[in-house]
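Me: I have a protein model open on my screen, and I would like a close look at a single part of it. Could you take one helix, together with what lies around it, and walk me through it?

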Amino acid sequence: MDDLRKRIMNELFVAPSVVLPIVGGATAWLMSWGVGGVDWLNAAGLVGVLVGIGWFATRFIFRMDAITEKAMRDQVAEQIRREETKLNDLAERLLADHDARTEDCLKILRVNRAEIERVAQTPGIQLRSMEIVKQARQLFWAAVDQLEQSLKMYHLAQQLSGPARRDALEQRERFLSEAVESSGHLRDAVETFRRFADKNQERDMDTLQSELAASIEAAKRSDERMKELESSPDYESFLKE
């Protein structure tokens, strides 16, 4: 939120249409002062400063929503660029498990993530849909974590044999199933969100928020289970074998 606020302030205060007239006016005043005072330079300086301040006030009063939405779009675009690098790395590492389901799941997640970000840019709904998009991102990353956990259990199973290997593979399958389930919830959320964007139905938004919250809580349980596994004596002994 601090980054978004900073972007908005930059758009308001540092916009060329605001800065240039003020700088021009200040320059005219300095020139007038340097030559002992010239009426037309003083007048030009006053006009420039007033124009800059006036345009700032106009943008603040009448264009605040548009400026905020632009700042949000820029912030999201920058964040997505960073995240794509992380996701490309995961996609490459998932090739190691030789299971097309994990690769397909990640592809589905990425497609739906891109779609909800696209729909979120629909003019007029960006501010109202902030919480929905935030929840959708949380669910997306929770599902990505589930894929990471499935991959971790796969690598662990390769180090084991007998019942221990079977248990690790069962845990891996469970994490993968939960990732697939989370990706399905995200896909359904995208469909509901698209309907909201098309028809502006607030009731759909309320229902979607509740469904996303429940999906996120379910996904969090996967993370808690992985932490329990990693802290168990059996897990430590597996790693040492």
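Reply: Happy to: what follows is a walk along helix α5, with its leading loop and the core it joins.

Please keep in mind that this is a predicted model. To set the scene, the protein has 9 helices and 0 strands, so every element you meet from the N terminus on is an α. Buried residues account for 39% of its 241 residues. The accessible surface is about 13,800 Å², and carbon and sulfur atoms hold 58% of it. If you take the contacts between residues at least 6 apart in sequence, 76% of them join residues at least 24 apart.

Now to α5 itself, which covers residues 100-120, 21 residues in total. From its first C-alpha to its last it reaches 30 Å, close to the 30 Å expected at 1.5 Å a residue.

Start just before the helix, in the loop between α4 (64-94) and α5, where you will find Asp97. Its relative accessibility is 6%, so Asp97 counts as buried, the cut-off being under 20%. The side chain of Asp97 makes a polar contact of 3.2 Å with that of Arg172. Leaving aside neighbours within four places in sequence, Asp97 is in contact with Thr102, Leu151, Tyr154 and Arg172. Thr102 is itself one of the buried residues of α5.

That loop also holds His98. With a relative accessible area of 69%, His98 is exposed, whereas Asp97 is buried. His98 is also worth a glance for its backbone: its phi is positive, at about 55 degrees, although the residue is not a glycine.

Moving into the helix, the buried residues of α5 include the nonpolar Cys105, Leu106, Leu109, Ile116, Val119 and Ala120. Arg110, Asn112, Arg113, Glu115 and Glu117 are buried in α5 too. As background, an α-helix has 3.6 residues a turn, so residues three or four places apart point the same way. Ala114, also in α5, is partly exposed, because its relative accessibility is 47% and that class runs between 20% and 50%. Ala114 and Ile80 are 34 residues apart in sequence, yet their C-alpha atoms are 9.2 Å apart in space.

Next, the core. In soluble globular proteins, nonpolar side chains tend to be buried together. Here the largest nonpolar core has 31 residues, and Leu106, Leu109, Phe140, Val144, Leu147 and Phe193 have the most contacts inside it. At least two residues of this core come from each of α4, α5, α6 (130-158), α7 (162-199) and α8 (202-231). The most come from α6, which gives 10 residues. Apart from this core lies another, of 8 residues, including Leu156, Leu160, Ala168 and Met226.

Phe140 is a good place to see how α5 meets its surroundings. Leaving aside neighbours within four places in sequence, Phe140 is in contact with Leu87, Leu109, Arg110, Arg113 and Leu186. Of these, Leu109, Arg110 and Arg113 are buried residues of α5. Phe140 is buried, as is Trp141.

There is 1 aromatic pair in the count. It is formed by Phe140 and Trp141, whose ring centres are 5.1 Å apart and whose planes meet at 85 degrees, so the pair is edge-to-face.

Key
Residues numbered from 1 in each chain as written. Predicted model: local features only at pLDDT ≥ 70, side-chain atom pairs only at ≥ 80, totals over all residues. Heavy atoms only, no water. Phe/Tyr/Trp six-rings, centres within 6.5 Å; stacked < 30°, edge-to-face > 60°. Buried < 20%, exposed > 50% of the residue type's maximum accessible area, 1.4 Å probe, protein only. Helix = DSSP H or I, 4+ residues; strand = E, 2+ residues; numbered from the N terminus. Contact = heavy atoms within 4.5 Å. Areas by Shrake-Rupley, 256 points an atom, 1.4 Å probe, with all protein chains shown as cover. Expected span 1.5 Å × (residues − 1). Polar contact = N/O pair within 3.5 Å; in protein donor to acceptor, adjacent residues only side chain to side chain. Core = buried A, V, L, I, M, F, W, Y, C linked by side-chain atoms within 4.5 Å.
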